[in-house]
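Thanks for making time this morning. Please have the viewer open while I talk, and stop me if you lose your place.

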Amino acid sequence: MKQLQLYNSLAKRKETFIPIDPNNIRMYVCGPTVYDYPHLGNALAVVIYDVLYRLLKFVYGGEKVTYARNITDVDDKIIHAAKEQNITIDELTKKITEIFHDNMFKLNCLNPNFEPKATEHIEEMLIIIQKLIANDFAYEKNNHIYFRVRKFAEYSNLSGRHLDELVAGARVEVAEEKENPEDFVLWKPAPGEVGSFPSPYGEGRPGWHIECSAMSSKYLGDDFDIHGGGVDLIFPHHTNEIAQSCCANPGSKYAKFWVHNGFLTVNGEKMSKSLGNFVTIDELLKKGIDGEAIRYVLLASHYRKPLDWNEKALSDATKALNSFYRIIQEADGVNPRPTEEFMNSLLDDLNTPQSFAILHDYAHQYNKTKDPEFAKKLKTCANLIGFLNKSSKEWFINEQMDIELIDSKIKQRIKAKQEKDWALADKIRDELRAQAILLEDKPDGTSSWRINKL
């Protein structure tokens, strides 16, 4: 079996993953800002790093891997959304966090070991700010605390672009009191406002970037193995995280590997409410789309490449899972370990398209030979990346169906066939087919059934 290779955005190349401590592998991923229902872009990152988490647990042992993913529950967007809905910030963030958890559970995502909330770590943020001021990397002006960007020589290492180029292409907050336009805020005043906190610099709120530095350090240490997130976070968020963390803790390199997933589009266009193509996970689930099918689409492209969400991709995913679930009915248990070729596909920078190709090959080989070993391989390998954890019946049934009535109808049909009442047997079959219930007659006279999900 190969060693794990990951593309490191900091090094700009694929590298062999060698943990800082093989007995304590640590990963931090930027989580959601809980002001609105989770959308496809939110889910994409969660699903991708769920696969990486599962892989690390399998390779190194579950007890040796620590995964932290934050919840941003203090933010201008949150304050605005709560005001629009005429509810408190706490009510809004609690509601959206619960929806986020439910949605990700239905996408078969494991819970992280830690899920810290920004509002519960203000003290840790202020400690970092105090260190930065003491180390002369931050300064106070008009109750704002700013980071001195140009004093950190390695500021552009992650983005790979010159500082002037970065600033020119970014929406930099203009403030006359800044020493330089690119300096970013660590703390801003908000006296008397909702969502503000006491500090040595007056009542206010933390800057966005400081929260991840504070929470990653608390739960993983000043130096850890992997930091993940969307490619859109490279600048300024992750760039600023590195700067403030390294300057607050001299000698720290912060995260060793930086892993970034690509953009998501919907029908070839950037997802946007103004374009009418803003897709939330909740609305997909309420339409009866299974979370496992959503997960399949999100992993069908390589994580570093752009992903386009469209109806054909969803239809293809559902068809693939239908065929897989029919096959695993014949799998008497699972194999002790996934196959070497499947593992190697994942170890090669999470090459999930190759992983899916291998699963389809096992399905093809089973359909060709009816050898149950291929069904076992299919189930074992798919389980590792969060698929085929249900029984076939659980996959094919609908929550609204009366299972007892269906089974009763099937018994009536079997009796009708035994009595050679072919008209009644055909009538029952057609009634069930009208409800998308497909009967599969067996040589011994019994019947099994499944739902045609399409």
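Let me begin with Asp50, which sits in helix H1, residues 40-60, and please keep in mind throughout that what you see is a predicted model. Asp50 is buried, with a relative accessible area of 1%, and if we leave out residues up to four places away in sequence, it touches Asn108, Cys109, Leu110 and Arg295. With Arg295 there is a polar contact between the side chains, at 2.7 Å. Asn111 is 61 residues away from Asp50 in sequence, and the C-alpha atoms of the two are 8.6 Å apart in space.

Staying with helix H1, let me turn to the nonpolar interior. The largest nonpolar core has 87 residues, and those with the most contacts inside it are Leu40, Leu56, Ile294 and Leu298; H1 supplies the largest share of this core, 14 residues. Another core, of 42 residues, lies apart from it, and includes Ala118, Leu163, Ile242 and Cys246. Coming back to Leu40, its contacts, again without residues up to four places away in sequence, include Leu264, Met271, Ile294, Leu298 and Trp309.

Next, the sheet. It is an open sheet of four strands in the order S5-S6-S7-S8, with antiparallel pairing. Strand S5 (138-141) and strand S8 (204-206) stand at the edges with a single partner strand each, so one side of each is left without a neighbour in the sheet. On average, and ignoring direction, neighbouring strands here are turned by 20° against each other. Between strand S6 (residues 144-147) and strand S7 (residues 184-189) there are three bridges in the antiparallel sense, and Tyr146 has Val185 in S7 as its bridge partner. Helix H4, residues 122-134, packs on this sheet and touches S5, S6, S7 and S8, with its direction at about 120° to that of S7.

Finally, the aromatic rings, where the count comes to 15 pairs. The centres of the Phe147 and Phe184 rings are 5.0 Å apart and their planes lie at 20°, which is under the 30 degrees that counts as stacked, so this is a stacked pair. Because Phe147 lies in strand S6 and Phe184 in strand S7, the pair ties together parts that are 37 residues apart in sequence; Phe147 and Phe184 are both buried. What, by contrast, is the arrangement of Phe356 and Phe387? Their ring centres are 5.8 Å apart and the planes are at 75°, so that pair is edge-to-face, and both Phe356 and Phe387 are buried. One aromatic cluster is formed by Tyr28, Phe224, Tyr254 and Trp258.

Terms used
Residues numbered from 1 in each chain as written. Predicted model: local features only at pLDDT ≥ 70, side-chain atom pairs only at ≥ 80, totals over all residues. Heavy atoms only, no water. Helix = DSSP H or I, 4+ residues; strand = E, 2+ residues; numbered from the N terminus. Buried < 20%, exposed > 50% of the residue type's maximum accessible area, 1.4 Å probe, protein only. Contact = heavy atoms within 4.5 Å. Polar contact = N/O pair within 3.5 Å; in protein donor to acceptor, adjacent residues only side chain to side chain. Core = buried A, V, L, I, M, F, W, Y, C linked by side-chain atoms within 4.5 Å. Pairing = 2+ DSSP bridges. Axes fitted to C-alpha atoms, helices over the stretch in contact; angles between N-to-C directions. Phe/Tyr/Trp six-rings, centres within 6.5 Å; stacked < 30°, edge-to-face > 60°.
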